Amino acid sequence: MEFKDYYKILGVAEAASADDIKKAYRKLARKYHPDVSKEKDAEVKFKEVGEAYEVLKDPEKRAEYDQLKRMGAYGEDGRFRPPPDWESASHFNGGGFTEADARHFSDFFESIFGRGGSAHRTYKQGHQQSFRMRGEDVHAKIALFLEEAFHGCEKQVQVQVPEIDEYGLVGHRSKSLNVKIPAGMGPGQHVRLRGQGAAGFGGAENGDLFLEVELAPHPVYSVDGKDIYLTLPISPWEAALGATVTAPTLNGKVNVKVPKGASSGQKLRLKGRGLPGNPAGDQIIVLQVTLPKSHSVDAEALYKELAEKEKSYNPRSKLGV
């Protein structure tokens, strides 16, 4: 069957107050009352308005309806179907302000609340129980420094968790939690906190809280998956002759062997020096040949001598110049 949007029928927002819902119903009931209305399909619309108000005026019915609306209980054909073990805890026992007649209500209403108090759906085992629904999962983000992600840490986070108030309105409350971040968490990964999401309905279990890791920009390192990248400056003579130089890692300094004839952009891999894990990532060192901003007279003389000795070398030969 087709899902009925009761809020749309009454022309109110999902966060509308009980007074707003009542005013909207009264206005539309007068507009479509069959005894006075000249509107096309007035009787049909009058029944729809009455049905919508019968649900939304009752905090318990409204809360159940909102849960189903958010859950999206649809079959493969896109038609609405309540869960197979569904049972309303707010059974229909005849209208109140609407003077509603159960015979006027749709199959959609009956599938949720039943007719004339016969709302129970019986399980295969033959017993009945009130409506229960697991709480929604909540998703949020947590920002970490790279050092925190590498070593692991404990952080305090504030998250907004949805909850339903006594009037059936969905609001949010702030929740403060101390979260342990395991070592090796990379960007886009999630920390799952069981039971810290939205509260369950009818005594069902709470949803979970999923915290997605974001890394703050680092002045020295960058991250790609589990690998950590570092641009390491080296001198022209270290590049030309080869050398052993010191490089930083997040787990301390290490000695790195620069091969003879190294050039800018060349990469060296430090196995297992990236973010911890199974397997751990690597640290990728990108070499960058750099020159002093100024040279001594003797150093310039040596460069001139080198230029003369290596004048047959053209670094732009591949460009055809």
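These exercises work through a predicted model of one protein chain, each with a solution.

Residues are numbered from 1 along each chain as its sequence is written. In this predicted model, local features need pLDDT of at least 70, side-chain atom pairs count only at pLDDT 80 or more, and totals for chains, interfaces and linings use all residues, while side-chain values use heavy atoms and leave out hydrogens and water.

**Exercise 1. Confidence and overall make-up**

Find the average pLDDT of the chain, and say where pLDDT stays under 50.

Solution.
- Start with the term: pLDDT is the predictor's confidence in each residue, from 0 to 100.
- The chain averages 83, and 80% of the residues score at least 70.
- Now look for weak stretches. Residues 91–100 stay under 50, and the model has 31 contacts for them beyond four places in sequence. A contact means heavy atoms within 4.5 Å.
- Residues 116–130 also stay under 50, with 23 such contacts.
- Where pLDDT is low, the predicted coordinates should not be read in detail.

Next, count the elements and the buried share of the chain.

Solution.
- Helices (H or I, at least four residues) and strands (E, at least two) are DSSP runs, numbered from the N terminus.
- The chain has 8 helices and 11 strands.
- Buried means under 20% relative accessible area, exposed over 50%, and partly exposed in between (1.4 Å probe, protein chains only).
- Of the 321 residues, 36% count as buried.
- Among contacts between residues at least 6 apart in sequence, 59% join residues at least 24 apart.

**Exercise 2. Helix H2**

Check the length of H2, then find which residues are buried and which are exposed.

Solution.
- The expected span of a helix is 1.5 Å times one less than its number of residues.
- H2 covers residues 18–32, which is 15 residues, so it should span 21 Å. Its end C-alpha atoms are 21 Å apart, which agrees.
- Ile21, Ala24, Tyr25, Leu28, Ala29 and Tyr32 are the buried residues of H2.
- Seen down the axis, these buried residues fall within an arc of 130°, so they line one face of the helix. The arc is that of the directions from the helix axis to the C-beta atoms.
- Asp19, Lys23, Lys27 and Arg30 are exposed on the other side.

**Exercise 3. Aromatic pairs**

Count the aromatic pairs, then classify Tyr6 with Tyr65 and Tyr25 with Tyr53.

Solution.
- Rings of Phe, Tyr and Trp (its six-membered ring) pair if their centres lie within 6.5 Å; planes under 30 degrees apart count as stacked, over 60 as edge-to-face and the rest as tilted.
- By this rule there are 4 aromatic pairs.
- The ring centres of Tyr6 and Tyr65 are 4.9 Å apart and the planes stand at 35°, so this pair is tilted.
- Tyr6 is in helix H1 (residues 6–10) and Tyr65 in helix H4 (residues 59–71), so the pair ties together parts 59 residues apart in sequence.
- Tyr6 is buried at 0% relative accessible area. Tyr65 is buried at 0% as well.
- Tyr25 and Tyr53 are stacked, with 4.4 Å centre to centre and 10° between the planes.
- Tyr25 sits in H2 and Tyr53 in helix H3 (residues 42–56), 28 residues apart. Both are buried.
- Ring pairs also link Phe3, Tyr6, Tyr7 and Tyr65 into a cluster.

**Exercise 4. Unusual backbone**

Locate Asp41 and Pro279, and describe the backbone there.

Solution.
- Recall the background: most residues other than glycine have a negative phi, and most peptide bonds are trans.
- Asp41 has a positive phi of about 60° although it is not a glycine. Asp41 lies in the loop between H2 and H3.
- With a relative accessible area of 47%, Asp41 is partly exposed.
- Asn278 and Pro279 are joined by a cis peptide bond, with omega about 10°. Pro279 lies in the loop between strand S10 (267–270) and strand S11 (283–289).

**Exercise 5. Two strand residues**

Is Leu177 buried or exposed, and what does Leu177 touch?

Solution.
- Leu177 is in strand S3 (residues 170–181).
- Its relative accessible area is 13%, so Leu177 is buried.
- Beyond four places in sequence, Leu177 touches residues including Lys155, Val157, Leu193 and Leu209.

Now place Tyr229 and give its distance to Ile285.

Solution.
- Tyr229 is in strand S7 (residues 227–234).
- At 24% relative accessibility, Tyr229 is partly exposed.
- Tyr229 and Ile285 are 56 residues apart in sequence, yet 6.0 Å apart in space, C-alpha to C-alpha.
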